Amino acid sequence: MRAITEWRRAQYKTGRVDFPQQRSTRRSTVVRSHGMSEIRDCLPPDRNPRRPGFALPRGSIDTHVHVFEPGYALSPGRGYNPPYSTLADLKHLHATLGIDRVVFTQPSVYGTDNSAILNAMAALNAQTSDRARAIVALDMDITEKQLAALDASGVRGVRLNTDNKGGMPIEIAEIPELAARIRPFGWHLEFLFPGKDIVELMPVFTALKVPMSIAHFAYQPASAGLKAAGFRALIELARRENTWIKISGANRVSATDLPPYDDVKPMAHALIAAAPGRIMWGTDWPHPNKYVANPNDGDLVDAFGDWVSDDRMRRKIMVDTPAAFYRFAAPVAIPA
């Protein structure tokens, strides 16, 4: 197993940079904007996902993906240049991994223009009813009529991202008002923030009157351990009945970008023990804002399988909990 892992590491190191077709259609590696600050090209995903070593349960939901299609304008206030990663690419990925349904999450590079993910969601739902949901970014100008239309289309929440430039279109002080406006629709707030900020943000979280979700282990570094103040705060939130946590982004919190993610396993176990009915999982495909290496998504699924070996818990995390949280119907057959 170790030999295979080392081989994969070598492959990532030698093959992670050049994708000629993408390079030929993209801007230069560094774009200067906003006072000459750099906007860097981040790495593309591994374009050859491998099949995991175990089968995910039928109806599995990937709760955290993005799409970056040609033709959608990027925000000038963005923090990175994403790799082109299309809906066709995503469908190929999910067919390989054995994932049936998906939740699109608005990336910071589009600001509050949610067109890319809304169109992707609509395309999947047109092909197969009840296949996709979305989490959008909004400002305070949104109207009740617009909220209702988004809800009818499959939107289930609002993302507030303070970790990436362009991802936080409102002020922290406006969160209670935003929460009040989305509450009648049964929506939630999804947060992404630098891991070090969790303790300072606890009063904001505990005062919320709508459900909340947090992705990527709340960016708590695995190297800090379970007793670190940030992870203890995350466990406190997990034990509240108002917080759902995605054990996604292992490559973002592990000491290494690449598998195995053994140091993340104790965090996953602690969170599942604290809130077994409010844990979800996602690929985080295509892993934007990464510049050293990106894992193969089959390895990320296998890491989840290593963390969670019980079939009933796998189904709870991959199917039952996200289906209820994002208001999916019963699992349906997905065409190839």
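Where is alanine 215 found? The exercises below work outward from that residue. This is a predicted model: local features need pLDDT of at least 70, side-chain atom pairs count only at pLDDT 80 or more, and totals for chains, interfaces and linings use all residues. Residues are numbered from 1 along each chain as its sequence is written, and side-chain values use heavy atoms, leaving out hydrogens and water.

**Exercise 1. Place alanine 215 and describe its surroundings.**

Step 1. Alanine 215 lies in the loop between β9 and α8. Helices (H or I, at least four residues) and strands (E, at least two) are DSSP runs, numbered from the N terminus.

Step 2. Its relative accessible area is 2%, so alanine 215 is buried. Buried means under 20% relative accessible area, exposed over 50%, partly exposed in between (1.4 Å probe, protein chains only).

Step 3. Leave out residues up to four places away in sequence. Alanine 215 then touches His64, Glu190, Phe191, Leu192, Lys246 and Ser248. Contact means heavy atoms within 4.5 Å.

Step 4. Take leucine 192, 23 residues apart from alanine 215 along the chain. Their C-alpha atoms are separated by 6.4 Å.

**Exercise 2. Set β10 in its sheet.**

Step 1. The sheet is open, with eight strands in the order β3-β5-β6-β7-β8-β9-β10-β11 and parallel pairing. Two strands pair if DSSP finds at least two bridges between them. The edge strands, β3 (61-65) and β11, each pair on one side only.

Step 2. On one side, β9 (residues 212-214) pairs with β10 over three bridges, in the parallel sense. Serine 213 stands opposite tryptophan 244, and isoleucine 214 opposite isoleucine 245.

Step 3. Two bridges join β10 to β11 (residues 279-280), also parallel. Here lysine 246 has methionine 280 as its bridge partner.

Step 4. In a regular strand, side chains alternate between the two faces of the sheet. From β10 (residues 243-246), Thr243 and Ile245 point one way, Trp244 and Lys246 the other; all are buried.

**Exercise 3. Find the cores and the contacts of tryptophan 307.**

Step 1. The largest nonpolar core has 80 residues; Phe104, Leu189, Leu271 and Trp307 touch the most other members. Such a core is a set of buried Ala, Val, Leu, Ile, Met, Phe, Trp, Tyr and Cys residues joined through side-chain atoms within 4.5 Å.

Step 2. Helix α8 (residues 229-239) gives the largest share of this core, six residues.

Step 3. A second, separate core of nine residues includes Trp244 and Phe328.

Step 4. Beyond neighbours within four places in sequence, tryptophan 307 contacts residues including Phe217, Ile247, Tyr261 and His269.
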